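Thanks for coming. I'll go through one structure today, starting from a single residue and working outward to the sheets and helices.

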Amino acid sequence: MIRSFALHRLVSAAVAVVMTALLVAGCAEQDAQAPADQAASTPLDITADAGVGEPDWVNDVVMYEIFVPDFSQEGTFQGVVNRLDSLKAMGVNTIWLMPIHPVGEKRAKTDIGDLGSPYAVKDYKAANPQYGGDEGFRTLVEEVHERDMYIIIDWVANHTAWDHPWIEDHPEYYTEGPVDGRFTYPLLDGDTTDWTDVVDLNFENQEMRAKMIDAMKFWVEEYNIDGFRCDVAHQVPLNFWNAAIDTLETVRPVLMLAEAAEPEMHSVGFDLTYAWPFYGTIKRVWEEDAPASELLTQVDTTLEDLPGPSKRLRFTTNHDETAWDAPPTDVFDGKEGSEAAFVLATTIPGVPLVYNGQELGIEDTVSFFEATPYDWSQQSELRTFYTEYLQFYSSSTALKNGEFEILTPDAEDAVMFSRTADGEELLVVVNVRDEEAALSLPSEYAEQTLVDVMTDDSVSGPDLTLEPFGYHILRVGE
């Protein structure tokens, strides 16, 4: 949604009630009647971890976010299909599509852009005809799966467009308020927002909850999608997500990404949550010269709080940041700074995200209220960087799932940490300043053979000098 949607605010979690328990039980009983071969219909090998329902590929995710109107000149699902091979070659294996549904026209914020907001959903069970409609989307999903890739879609549970049929057919599905004498715009921390193009849903209404879950299940069963990114997830009661995820996983395990930072989201079945605190800290390090050690402290604290196999989505931009703040080349001081920031963000435990156009090195904000198709014919050194880096990331067990050890807890200008798994040991060193930085290698590495995985150059200690925004991902013991 708009930038304020991205803020990670604590909202009091709803307490489970008897009606919700009945809803979950009812959904589970109904779903148990599904054909026994339903799960076998997927072309992908997806199995659940015991008690979690987590897809077995969640630990290998390299995610790419797409706003369909911007991703190609035609702005369609077929335009996405045409570039799938390029994404796969870059190391991407999971596509996240921003909302694919028809966009509401009533009260649309056309002063921002003529498309209105894709987060103003008019029909939960339809694909936007301007993108290619239902069949165009079905073809896209099939093409993604043929490449052994995965696809998730944005789900907007908190609110609908003003011309969603529920407004007239089921006004009781919405939160009562002063707008038109019966509705309200979405709330944030108890205050009405300026999200005037959408209307707040009432999650005390059990029938609405059941229909919402039915709509989510529709896309898994009928179109074979692999999961959901859930918009403003912490504005929706936790017990709704618990019921929804439990129901979806009666079909098969799905990847669930919450646009939220609170660790409690994982307790109801989300596999991934946003690394908003890290993003805020890395911006302070770059923009306000905060000590680099703040990043490591933040990460260490977060990892302690995350339960079990849970992971953070790590990024240096997304649709909100590129639209309402600035793209990485601006936020992180140019090409070199944006590379260093991305390496730092994504070599830390989590899942990497690239937003469409990020690899082109765009320098201006790009609204998702209007179509701004990217010119993929342009040459960009950043495209080479993202391709080489993500290809290595995809092949590295240590970066995807390795142990994490901080080696510079008091760092001011350069950080160092190790990632280790299955005999692969990497030493990551990143300079967060636009000037040279020096640091000493720990004694256990000073005499080791260290090879930069990006350049194949050998690096020797004990002292290491980094260029402005310089970084190394060093393989130990080559």
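R107 is partly exposed, because its relative accessible area is 29%, and the cut-offs are under 20% for buried and over 50% for exposed. Before I go on, note that this is a predicted model. R107 sits in the loop between β2, residues 94-97, and α5, residues 133-146. Its backbone is worth a look: phi at R107 is positive, about 65°, although the residue is not a glycine.

V232 also has a positive phi without being a glycine, with a value of about 35°. Is V232 buried or exposed? V232 is buried, with a relative accessible area of 4%. Its place in the chain is the loop between β8, residues 227-230, and α8.

That loop leads us to α8. Nine of the 11 residues of α8 are buried, so this helix is largely enclosed by the rest of the structure. The buried residues of α8 are L238, N239, F240, W241, A243, A244, I245, T247 and L248.

Next, the packing of α8 against α7. Two packed helices are described by the angle between their axes and the distance between the axes. For α7, residues 206-223, and α8, residues 238-248, the angle is about 35° and the axes are 10 Å apart. The crossing of α7 past α8 is right-handed. On the α7 side, the contact is made by R209, M212, I213, M216, K217 and V220. The α8 side contributes N239, F240, W241, A243, A244, T247 and L248. By class, the residues of this contact are nine nonpolar, two polar and two charged.

Now the sheets. Which strands form the closed barrel, and in what order? There are eight, running β1-β2-β3-β8-β9-β10-β11-β12, and the pairing is parallel. Neighbouring strands in this barrel are turned by 25° against each other on average, with direction ignored. As one example of the pairing, β11, residues 311-314, and β12, residues 351-355, are joined in the parallel sense over two bridges. Within that pair, R314 of β11 stands opposite P352 in β12.

Following the chain on from β12, we come to N356, in the loop between β12 and α14. N356 counts as buried because its relative accessibility is 0%. What is N356 in contact with, leaving aside its neighbours within four places in sequence? The contacts are Y64, E65, I66, F67, D70, F71 and Y374.

The second sheet is an open one. Six strands make it up, in the order β13-β14-β15-β20-β17-β18, and here the pairing is antiparallel. Its edge strands are β13 and β18, the latter at residues 458-459, and each of them pairs on one side only. β13 and β14 pair over four bridges, and E405 stands opposite S418 in β14. Helix α14, residues 381-395, lies across β15 (424-431) and β20 (471-476), and runs at about 30° to β20.

Between β13, residues 403-406, and β14, residues 414-421, there is a loop that holds A411. A411 counts as buried, because its relative accessibility is 6%. Leaving out residues up to four places away in sequence, A411 touches P291, A292 and S293. P291 is 120 residues away from A411 along the chain, yet their C-alpha atoms are separated by 6.7 Å.

One more strand pair. β16, residues 437-440, and β19, residues 463-466, pair in the antiparallel sense over four bridges. L439 of β16 stands opposite L464 in β19. Along β16 the side chains alternate: A437 and L439 point to one face and are buried, whereas A438 and S440 point to the other face and are not buried.

Last, the totals for the protein. The secondary structure comes to 16 helices and 20 strands. There are 478 residues, of which 61% count as buried. The accessible surface is about 18,200 Å², and carbon and sulfur atoms account for 45% of that area. Taking the contacts with a separation of 6 or more, 73% are between residues 24 or more positions apart. The A411 and P291 pair from earlier, at 120 residues apart, is a concrete case of a long separation in sequence.

That's all from me.

Terms used. Residues numbered from 1 in each chain as written. Predicted model: local features only at pLDDT ≥ 70, side-chain atom pairs only at ≥ 80, totals over all residues. Heavy atoms only, no water. Axes fitted to C-alpha atoms, helices over the stretch in contact; angles between N-to-C directions. Left-handed = near helix turned anticlockwise from the far one by under 90°. Contact = heavy atoms within 4.5 Å. Nonpolar A, V, L, I, M, F, W, Y, C, P; charged D, E, K, R; others polar. Buried < 20%, exposed > 50% of the residue type's maximum accessible area, 1.4 Å probe, protein only. Areas by Shrake-Rupley, 256 points an atom, 1.4 Å probe, with all protein chains shown as cover. Pairing = 2+ DSSP bridges.
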